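The following exercises concern contacts within a chain and between chains. Each task is followed by a solution worked step by step.

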2 protein chains.
Amino acid sequence: MAEDWTDRHVARWRDHWLDIGFDEDVEGVFTRIGRLARHLRDAKAAALAEVGLTDFEYDTLHALMIRDTPGSASPTELAAEVGVSGAGMTGRLDGLERAGWIRRIPSVDDRRRVIVEVTRQGLAIWRRAMDIRGEAEHALAAALTERELATVNRLLRKMTLRSEAEDGGSPGAS
Amino acid sequence: MAEDWTDRHVARWRDHWLDIGFDEDVEGVFTRIGRLARHLRDAKAAALAEVGLTDFEYDTLHALMIRDTPGSASPTELAAEVGVSGAGMTGRLDGLERAGWIRRIPSVDDRRRVIVEVTRQGLAIWRRAMDIRGEAEHALAAALTERELATVNRLLRKMTLRSEAEDGGSPGAS
DNA sequence: GAAAGGTACTTCGCTACCTAAGTATTTGGC
DNA sequence: GCCAAATACTTAGGTAGCGAAGTACCTTTC
């Protein structure tokens, strides 16, 4: 097996910082998770640019569409789901509304509330983004056999369960 | 095995978006990688705050220390290693210099260059951060046996190798 | 039924970041 | 040896994000 950036990183560590001491598999796993996350973010941003969406616009639309009530949510719910502050979500929705991909509708039941609804155009661009999305994921996933992929998935679940237990609730994003 | 956020996410998908179609293991693996990366970032930021460092200050000092020439680098090299722009690195170094953790020394060989050097205080706070760092990592890693951890590490390497081949060079960070 | 407190969203001031342009210096071609 | 191009870093202008304060509304309590 060829060596990747992380192998070189760990080797350098071993040479220069022997006295600090660390577990090579722990360091390796989390360094690689960080680097994969970065790669996916960059690859996704490049792919989305083709249909005219930024990464965070896509994430926001996506959060709106993958809910139990697809295409409709409150700003607060969306903020929690994508993991930004309420103020941050206001900014995102401003942009999406200006672009015509969502609508803000005042709630009649509770006039403090606002209902965010995807528009026809918003749905269309999301579907288009969905079609090209996952290419980067599949390109990377193809490095593993189906069996290996299932194994990684199972073992990562063990860690996410642990992390979600630590966090308490389920402050989530895709 | 209990279900995590990602399982619920995938299940919701299955219900509402049958027509789009996706591979559950691919979706699961990359959703979990993203969520683990987010958890680690947040946990690390919380831990670092205890010693008085922000996440990006730590990353910059860390990049400076894990090089082949620990404690000394050029701004451009550091920028490439942590994955920010040159301008971004200028801003980070301004802050670190103001705090007294690094020094900028004009190069005599090439007067366009600047040499960034860690100070005694910078080294001290980095060592302190190192001592508390990794707690979140080990807490999550403890969800797996040593054998499982080694397996995940090996399979993730397959994917990072693929991703680095796509990127071409090795534009790296820890 | 009015005051007190909680909730939902937005506005404001600030920070980190990016791209692009600017400054200073070195390198390469003729 | 001199001008053009490349390189290294900084400055300038703009964007997305955060926390905290602000506004409007609902709910509870007495």
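**Exercise 1.** How many residue pairs are in polar contact between domain 1 of chain A and domain 2 of chain A, with both residues at pLDDT 80 or more?

*Solution.* The model is a predicted one, and side-chain atom pairs count only at pLDDT 80 or more. Under that condition, two residue pairs are in polar contact between domain 1 of chain A and domain 2 of chain A. On the side of domain 1 of chain A that touches domain 2 of chain A, the residues divide into seven nonpolar, one polar and two charged.

**Exercise 2.** Describe how the two domains of chain A are placed and what they bury between them.

*Solution.* Begin with the bounds: chain A is divided into domain 1, residues 1-49, and domain 2, residues 53-142. The C-alpha centres of these two domains of chain A lie 31 Å apart, and ten residues of domain 1 of chain A are in contact with ten residues of domain 2 of chain A. Next comes the area, which for domain 1 and domain 2 of chain A is about 810 Å² buried between them, with 70% of it on carbon and sulfur atoms. Of the area that domain 1 of chain A buries against domain 2 of chain A, 64% is supplied by L40(A), K44(A) and L48(A), more than by any other three residues.

**Exercise 3.** Identify a salt bridge that involves K44(A), and check its distance against the cut-off.

*Solution.* The count between domain 1 and domain 2 of chain A is two salt bridges. K44(A) forms a salt bridge with D55(A), in which the closest N and O atoms are 3.6 Å apart. The rule requires the nitrogen and the carboxyl oxygen to be within 4 Å, so the pair D55(A) and K44(A), at 3.6 Å, satisfies it.

**Exercise 4.** Characterise the interface of chain B and chain A, going from its area to its polar pairs and its helices.

*Solution.* The contact takes 77 residues from chain B and 77 residues from chain A, and the area buried between the chains is about 7,300 Å², of which carbon and sulfur atoms give 65%. W17(B), F30(B) and L36(B) supply 8% of the area that chain B buries against chain A, more than any other three residues. Turning to the polar pairs, the rule finds six salt bridges across the interface of chain B and chain A, and E148(A) forms a salt bridge with K158(B), whose closest N and O atoms are 2.9 Å apart. There are also 18 residue pairs in polar contact between chain B and chain A, both residues being at pLDDT 80 or more. Finally, α8(B) gives the largest share of the side of chain B that touches chain A, namely 19 residues.

Key. Residues numbered from 1 in each chain as written. Chains lettered and ligands numbered in written order. Heavy atoms only, no water. Domains from an automatic or database assignment. Contact = heavy atoms within 4.5 Å. Buried area = accessible area lost by both parts, 1.4 Å probe. Salt bridge = Lys/Arg side-chain N within 4 Å of Asp/Glu carboxyl O. Polar contact = N/O pair within 3.5 Å; in protein donor to acceptor, adjacent residues only side chain to side chain. Nonpolar A, V, L, I, M, F, W, Y, C, P; charged D, E, K, R; others polar. Helix = DSSP H or I, 4+ residues; strand = E, 2+ residues; numbered from the N terminus.
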